[in-house]
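Take a moment with the chain shown below. The paragraphs after it go from the overall fold to single residues.

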Amino acid sequence: MTGVLFFGGLILGLFVSVRLCEMATITLMHPPDGYFADGLRYADSHGRWLTNGEAVPGALRLLTPPLYLLLMVGWVVASLFAITSVARLLSGRAAAD
């Protein structure tokens with residue numbers, strides 16, 4: 001059961017991390033209004049162009065992979081902590097019954 005939860009958490013973490021990286025890159029290029037109010041997004045799957053036609057600078061594209069890795073490591077650690085905490089709590093309840 002915990003393996004299924006962990007795998008599901010990894011898939012969820014993948015989508016969350018990708019969106020957070022996209023949000024961070026666009027927010028660094030344009031103040032927060034760019035992403036949230038103006039609705040700027042990546043126009044292509046490689047993250048080279050924005051929906052307003054502006055090219056994403058190479059330095060920001062190089063920032064994305066390390067940021068993504070840091071977010072995924074943090075997500076994995078948090079997932080493992082949450083799953084082990086819930087497993088301990090459930091095993092404590094089962095032992096008390």
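Two residues are in contact when they have heavy atoms within 4.5 Å of each other. With that in mind, look at how far apart in sequence the partners are. Among contacts in the chain with a separation of 6 or more, 48% join residues 24 or more positions apart. Keep in mind that this is a predicted model.

Now the fold itself. The chain has three helices and zero strands. Along the sequence, the pattern reads α-α-α. The radius of gyration is 18 Å, while the globule rule gives 13 Å for 97 residues, so the chain is more spread out than a compact globule. Its C-alpha atoms fill a box of roughly 60 × 25 × 20 Å along the principal axes.

Next comes the surface. About 6,600 Å² of the chain is accessible, and carbon and sulfur atoms supply 72% of that area. Of the 97 residues, 20% count as buried. The chain carries 6 positive and 6 negative charges, and the mean positions of the two sets lie 10 Å apart.

Which residues make up the largest nonpolar core? There are seven: Ile26, Met29, Tyr35, Leu40, Leu50, Val56 and Leu60. Two of them are worth a stop.

Start with Leu50. This residue sits in the loop between α2 (33-37) and α3. Is Leu50 buried or exposed? Its relative accessible area is 2%, under the 20% limit, so Leu50 is buried. Leaving aside neighbours within four places in sequence, Leu50 is in contact with Ile26, Met29, His30, Leu40, Arg41, Tyr42, Ala43 and Val56. Take Ile26 from that list. Leu50 and Ile26 are 24 residues apart in sequence, and their C-alpha atoms are 8.4 Å apart in space.

Leu60 is the other stop in this core. Beyond the residues up to four places away in sequence, Leu60 touches Thr25, Leu28 and Met29. Met29 is itself a member of the core, and Leu50 contacts Met29 too.

Turn to helix α1, which covers residues 2-29 and holds Glu22. How accessible is Glu22? Its relative accessibility is 6%, so this residue counts as buried. Which residues does Glu22 touch, once those up to four places away are set aside? They are Tyr35, Arg41 and Tyr42. Tyr35 belongs to the largest nonpolar core. Arg41 and Tyr42 are also among the contacts of Leu50.

Gly13 lies in helix α1 as well. With 0% relative accessibility, it counts as buried. Outside its neighbours within four places in sequence, Gly13 is in contact with Met72 and Trp75. Compare its position with that of Gly53. The two glycines are 40 residues apart in sequence, and 29 Å separates their C-alpha atoms.

Finish in helix α3, residues 58-96, where Gly74 has its place. Its relative accessibility is 39%, which falls between the 20% and 50% limits, so Gly74 counts as partly exposed. How far is Gly74 from Ser17? Along the sequence they are 57 residues apart, and from C-alpha to C-alpha the distance is 9.9 Å.

Definitions and conventions: Residues numbered from 1 in each chain as written. Predicted model: local features only at pLDDT ≥ 70, side-chain atom pairs only at ≥ 80, totals over all residues. Heavy atoms only, no water. Helix = DSSP H or I, 4+ residues; strand = E, 2+ residues; numbered from the N terminus. Rg over C-alpha atoms; globule rule 2.2 N^0.38 Å. Buried < 20%, exposed > 50% of the residue type's maximum accessible area, 1.4 Å probe, protein only. Areas by Shrake-Rupley, 256 points an atom, 1.4 Å probe, with all protein chains shown as cover. Lys, Arg positive; Asp, Glu negative; His and termini not counted. Charge placed at Lys NZ, Arg CZ, Asp CG, Glu CD. Core = buried A, V, L, I, M, F, W, Y, C linked by side-chain atoms within 4.5 Å.
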